[in-house]
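Colleague: I should be grateful for a close look at a single part of this structure, beginning at the surface. Please then set that part in the context of the rest of the model.

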Amino acid sequence: MSGEVEAIEKWRQEFEQRLKDQDEQAQVDDQALREAGKKELEELHDKYKQAIQDNFDENKKEEEAYVNARDDTNPKNAWQRVAALVEFSSKASRSTRDTSRMRSVLLQLKQHGLPNA
């Protein structure tokens, strides 16, 4: 019987050692996973901040271009500014009015300006 007791005791010690090793490996893996997650989260946050900054810069440039175009008081550009606000595509549905004549007049004014009377 003492042989069985020794074998069981040896198995129990080996089993406890395997459990300790598995626990240590699980802790190491868990720590590595946490660090990887933290790094990925920081990268995501940095990308988000960069996207916001890029969007802000782009909006600022567009605003400056809009303000410059709006405040341009050169009389030669007056009809060009009006023409920029008009959609010249001829895609019209049946329920809208025919504005082809108005488009052609605006294009002529853009190109030649007002006739001197």
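**A surface patch and its surroundings**

Modeller: W11, F15 and L19 together form a nonpolar patch on the surface, with an accessible area of about 290 Å². The model is a predicted one, and the values that follow are computed from it. Of the residues in the patch, L19 can be placed in helix α1, which spans residues 2-71. The relative accessibility of L19 is 34%, so this residue counts as partly exposed. Because membership of a patch requires over 30% relative accessible area, the value of 34% for L19 satisfies that requirement.

The same helix also carries charged pairs. Side chains of opposite charge can pair when their charged atoms come close. The structure holds three salt bridges. One of them joins E9 to R12, with the closest N and O atoms 3.8 Å apart. These two residues are three positions apart in helix α1, so about one helical turn separates E9 from R12. Both ends of this bridge are partly exposed: E9 has a relative accessibility of 36%, and R12 has a relative accessible area of 40%.

Another salt bridge is made by the side chains of D30 and R34, at 3.2 Å from N to O. Here the spacing in helix α1 is four residues, which again means a separation of about one helical turn between D30 and R34. D30 is partly exposed, with a relative accessible area of 37%, whereas R34 counts as exposed at 55% relative accessibility. The class of R34 follows because exposed means over 50% relative accessible area.

E63 and K60 also form a salt bridge, the closest N and O atoms being 4.0 Å apart. They lie three residues apart in helix α1, so about one helical turn lies between E63 and K60. E63 is partly exposed at 45% relative accessible area, and K60 is likewise partly exposed at 40%.

Helix α1 also takes part in the largest pocket. This pocket has a volume of about 170 Å³, and the elements giving two or more residues to its lining are α1 and α2 (78-85). The lining consists of Y66, A69, R70, A78, Q80, R81, V82, A84 and L85. Helix α2 supplies the largest share, six residues. By class, six of the lining residues are nonpolar, one is polar and two are charged.

Beyond these two helices, the remaining element to consider is α3, which covers residues 100-112 and includes R103. R103 has a relative accessible area of 15% and is buried, because the limit for a buried residue is under 20%. R103 stands 20 residues from A83 in sequence, while their C-alpha atoms are 8.6 Å apart in space.

For the protein as a whole, the secondary structure comes to three helices and zero strands, in the order α-α-α from the N terminus. Buried residues make up 3% of the 117 residues, and R103 is among those that are buried. The protein exposes about 11300 Å², of which carbon and sulfur atoms supply 53%. It is against this background that the patch of W11, F15 and L19 is to be read, with its accessible area of about 290 Å².

Notes:
Residues numbered from 1 in each chain as written. Predicted model: local features only at pLDDT ≥ 70, side-chain atom pairs only at ≥ 80, totals over all residues. Heavy atoms only, no water. Patch = residues over 30% accessible without salt bridge, like charges linked within 9 Å, V, L, I, M, F, W, Y side chains within 5 Å. Areas by Shrake-Rupley, 256 points an atom, 1.4 Å probe, with all protein chains shown as cover. Buried < 20%, exposed > 50% of the residue type's maximum accessible area, 1.4 Å probe, protein only. 1 Å grid on protein atoms, 1.4 Å probe; cavity = no way out; pocket = protein on both sides within 12 Å on 5 of 7 lines; lining within 4 Å. Points joined across faces, edges and corners; volume = space filled by probe spheres on them. Nonpolar A, V, L, I, M, F, W, Y, C, P; charged D, E, K, R; others polar.
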